[in-house]
Amino acid sequence: VFQTVYCTISDSCACDFRPSIRDLEWDLYKNVYGQHLAQEIVAEEVASFLQNKSPDRPLVLSFHGSSGTGKTLVSSMLGNHLYGSAMSSPYVHQFVPTLHFPSPHMVKQYREELKNWVQGNLTECARSVFIFDEMEKMPSGLIDVLEPFLGPSHIVFRTNYRKAIYIFISTTGEEVINKLAMESRQAGRDREEIRLADLQEAIAQTIYNNNTSGFFQSSIIQKDLITRFVPFLPLSRRHVERCVRSQLCQRGSCGRSDVVEAVGGDMVYTPVQGQYFSTTGCKAVPAKINFFL
Ligand SMILES: Nc1ncnc2c1ncn2[C@@H]1O[C@H](COP(=O)(O)OP(=O)(O)OP(=O)(O)O)[C@@H](O)[C@H]1O
């Protein structure tokens, strides 16, 4: 009853939109390891975006970092805590370039389809989430078609396009992120001392200049339409072991410290001198647990 009454006086219930910022924050801080920047930025940006009843532009977050560091995990947490039916909500839209945009020579057609598609979905539900995975495999020039949707411009479509959330995910930028993490570690500093300001501009430059980033010479970058670049730091052995422990617990084998130790020791770490960071983050954890359990 409360839900029904609430929905009649608030527009937040539109299309299954039932955000729980507290749950999102809790999930981010409890279940994402070693990513203080991503935790802070995502929690803060989403909270302030949703508090604003009439934002003048959508929320646009671009996730960057090596494989297996938690980019997809965090994007799923967003969907899970924003919609009543979580990631299976029809208003969470995911794009995978290799699946949806496989042929680089069809960019013109894809541009038209993507524009109409995003517009159609926003007409149906202004509070839609669009997740673009594997941006590094997105054909160049395609994503720019979204420029009018991302900015504060006054081009008015039939619908409110400023309440949407866009998430771009890519490994481009991992070199600058990993280099900074490495230098910080070599200098004996805590990884929590790495600040967002140290990486924002470097990531923007990298994806703008890299012809396989999906954002190569993109007007979206030129016009500063990404709200925040979100760096995911490389994970060290203690983070990998937390991933192992958590997955073991989910399988009812919480006490198997021997497996935690074995999986942690079986990962490949870089650089050779120092062995600081797992080359695959937590990605290979389930397969290795199966092997050692
Ligand atoms: N920082 C982390 N904290 C907790 N679990 C993590 C973290 N990073 C990765 N994992 C776990 O490892 C697996 C792979 O992570 P995820 O898919 O989020 O990586 P990714 O960064 O999106 O990698 P890719 O770029 O290859 O898609 C998931 O099961 C996820 O739960």
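Two strands are taken as paired where DSSP finds at least two bridges between them, and under this criterion strand S1 (residues 59-65) and strand S4 (residues 165-170), which run parallel, are joined by six bridges. Helices (H or I, at least four residues) and strands (E, at least two) are DSSP runs, numbered from the N terminus. The structure is a predicted model, in which local features need pLDDT of at least 70 and side-chain atom pairs count only at pLDDT 80 or more, while totals for chains, interfaces and linings use all residues. Residues are numbered from 1 along each chain as its sequence is written.

The protein chain contains 13 helices and seven strands. Its radius of gyration, taken over C-alpha atoms, is 20 Å, close to the 19 Å that the globule rule (2.2 Å times the number of residues to the power 0.38) gives for 293 residues, so the chain is as compact as a globular protein of that length. The C-alpha trace spans about 60 × 50 × 35 Å along its principal axes. Of the 293 residues, 39% count as buried, where a residue is buried if 20 or more other C-beta atoms, placed from the backbone, lie within 10 Å of its own, exposed if 12 or fewer do, and partly exposed in between.

Five of the strands form an open sheet with parallel pairing, in the order S2-S3-S4-S1-S5. Strand S2 (92-95) and strand S5 (228-232) are the edge strands, each pairing on one side only. On average, neighbouring strands of this sheet are turned by 15° against each other, direction ignored, with axes fitted as lines to C-alpha atoms (for helices over the stretch in contact) and angles running from 0 to 180 degrees between N-to-C directions.

From the S2 edge inwards, S2 and strand S3 (residues 129-132) pair in the parallel sense over four bridges, and Val-92 stands opposite Val-129 in S3. S3 in turn pairs with S4, also in the parallel sense, over four bridges, with Ile-131 standing opposite Ile-167 in S4. Ile-167 also stands opposite Leu-61, while Val-60 stands opposite Tyr-166 in S4. Toward the other edge, five bridges join S1 to S5, which run parallel, and here Leu-61 stands opposite Arg-228 in S5.

The burial of the strands follows from the neighbour counts. Seven of the seven residues of S1 are buried, so this strand is largely enclosed by the rest of the structure; Leu-59, Leu-61, Phe-63 and Gly-65 point one way from S1, and Val-60, Ser-62 and His-64 point the other way. In S4, six of the six residues are buried, so that strand is likewise largely enclosed by the rest of the structure, and both of its faces are covered, with Ile-165, Ile-167 and Ile-169 on one side and Tyr-166, Phe-168 and Ser-170 on the other. The edge strand S5 is mostly covered, four of its five residues being buried. Beyond S3, Asp-133 is found in the loop between S3 and helix H7 (147-150), and Asp-133 counts as buried because it has 22 C-beta neighbours inside 10 Å. Asp-133 and Gln-94 are 39 residues apart in sequence but 7.3 Å apart in space, C-alpha to C-alpha.

The ligand is surrounded by 18 residues, of which Ser-67, Gly-70, Thr-72, Leu-73 and Cys-282 come nearest; a residue is near a molecule or strand if its C-beta atom, placed from the backbone, lies within 6 Å of it. Helix H4 (residues 71-82) gives the most to this shell, with three residues. The shell divides into six nonpolar, ten polar and two charged residues, where Ala, Val, Leu, Ile, Met, Phe, Trp, Tyr, Cys and Pro count as nonpolar, Asp, Glu, Lys and Arg as charged, and the others, Gly among them, as polar. Domain 1 (2-232) and domain 2 (237-292) both give residues to the shell, so the ligand lies between them; the domain bounds come from an automatic or database domain assignment.

Most residues other than glycine have a negative phi, and most peptide bonds are trans. Against this background, a cis peptide bond joins Thr-270 and Pro-271, with omega about -10°, and Pro-271 is placed in the loop between strand S6 (269-270) and strand S7 (277-278). Gln-275 is located in the loop between S6 and S7 and has a positive phi near 50°; with 13 other C-beta atoms within 10 Å, Gln-275 is partly exposed.
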